Amino acid sequence: LQPACEGLDLNSYLIMPVQRIPRYKMLLAELIKLTPEKNGNMMNQEHKDLSDALSVVSSVATKLNDDMKRFETKKQVLEFAQQFEKMELVLPARYFVKSGVLKKVCRGGKKDFTFVLFNDLLIYGSPKLGITKSAPNGEKIHSLHREISLYNTYIVKGIRGFMEGFILVAHQKSFYVDCGSAVEANIWIDKFEQLYQDLD
């Protein structure tokens, strides 16, 4: 780094304009508090201008936050693509929703799988033997067991005796997923239902 950079890298400078927006919002809010709304019986134009400016800055701040969240979910797609073998996950419209280690009920009992939910796809797999973390040489750390398009699935919930999970019904295969608790199951179910609404 050059001495003029004051110890900051390029990313630190690129984020500065984004960090200024919340500061402008706070400044305008304070100025509005200190500016009378009326000047005698007349509307104070300065107060109106400040309020209008705050509205614009708030809209920009909201959009920036939404864009940052969208960027992070797309970034996570790439990260999972680097973890699972035999997968081409990265698509322009695809974004990450949720992941976790859940139990898939098989004929021989329950088995742990890493489930990853995207806006249009569900994948699950298991860690490869002998690999516990991302390898620096780019070696995949999960073996893909199955990928299921959400366009061809639905879930069955609220089954008596199975409140800690749900049944995933798909064209290729249907099975029960144990989430470990009713609370975690409801979180997964809510995510699925939101995505199904978006797909309609």
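Before I turn to particular residues, let me say that strands here are DSSP runs of at least two residues, numbered from the N terminus, and that everything I describe comes from a predicted model.

With that in hand, I would like to start at Thr 114, which is found in strand S4. Is Thr 114 buried or exposed? Its relative accessibility is 13%, and because buried means under 20%, Thr 114 counts as buried. The side chain of Thr 114 also makes a polar contact, at 3.2 Å, with the side chain of His 142. If we leave aside the neighbours within four places in sequence, the residues in contact with Thr 114 are Phe 84, Gly 100, Val 101, Ile 123, Tyr 124, Gly 125 and, once again, His 142.

Strand S4, residues 109-118, also brings us to helix H3, since it is among the elements that cover the buried residues of that helix, together with helix H2 (16-34) and strand S3 (96-106). Helix H3 itself runs over residues 45-81, which is 37 residues, and it reaches 54 Å from its first C-alpha to its last, close to the 54 Å expected at 1.5 Å a residue. Which residues of H3 are buried? They are His 47, Leu 50, Leu 54, Val 57, Ala 61, Thr 73, Val 77, Phe 80 and Ala 81. As general background, an α-helix has 3.6 residues a turn, so residues three or four places apart point the same way. At the N-terminal end of H3, Asn 44 acts as a cap, with a side-chain oxygen 3.1 Å from the backbone nitrogen of Glu 46.

Next, the cysteines. How many disulfides are there? The count comes to zero, and the reason at Cys 106 is distance, because its sulfur lies 14 Å from the closest cysteine sulfur, that of Cys 179, which is too far for a bond. Cys 179, likewise, is in no disulfide. As for their surroundings, Cys 106 counts as partly exposed because its relative accessibility is 29%, whereas Cys 179, at 9%, counts as buried.

Finally, the empty space inside. A search of the whole structure finds one cavity of 30 Å³ or more, and the largest cavity holds about 30 Å³ of space. What lines the largest cavity? The lining is made up of Leu 102, Phe 115, Leu 122, Phe 166, Leu 168, Val 177, Trp 188 and Phe 192, and the elements that give two or more residues to this lining are strand S8 (165-170) and helix H4 (182-199).

Terms used. Residues numbered from 1 in each chain as written. Predicted model: local features only at pLDDT ≥ 70, side-chain atom pairs only at ≥ 80, totals over all residues. Heavy atoms only, no water. Disulfide = S-S within 2.5 Å. Buried < 20%, exposed > 50% of the residue type's maximum accessible area, 1.4 Å probe, protein only. Helix = DSSP H or I, 4+ residues; strand = E, 2+ residues; numbered from the N terminus. Expected span 1.5 Å × (residues − 1). Contact = heavy atoms within 4.5 Å. Polar contact = N/O pair within 3.5 Å; in protein donor to acceptor, adjacent residues only side chain to side chain. 1 Å grid on protein atoms, 1.4 Å probe; cavity = no way out; pocket = protein on both sides within 12 Å on 5 of 7 lines; lining within 4 Å. Points joined across faces, edges and corners; volume = space filled by probe spheres on them.
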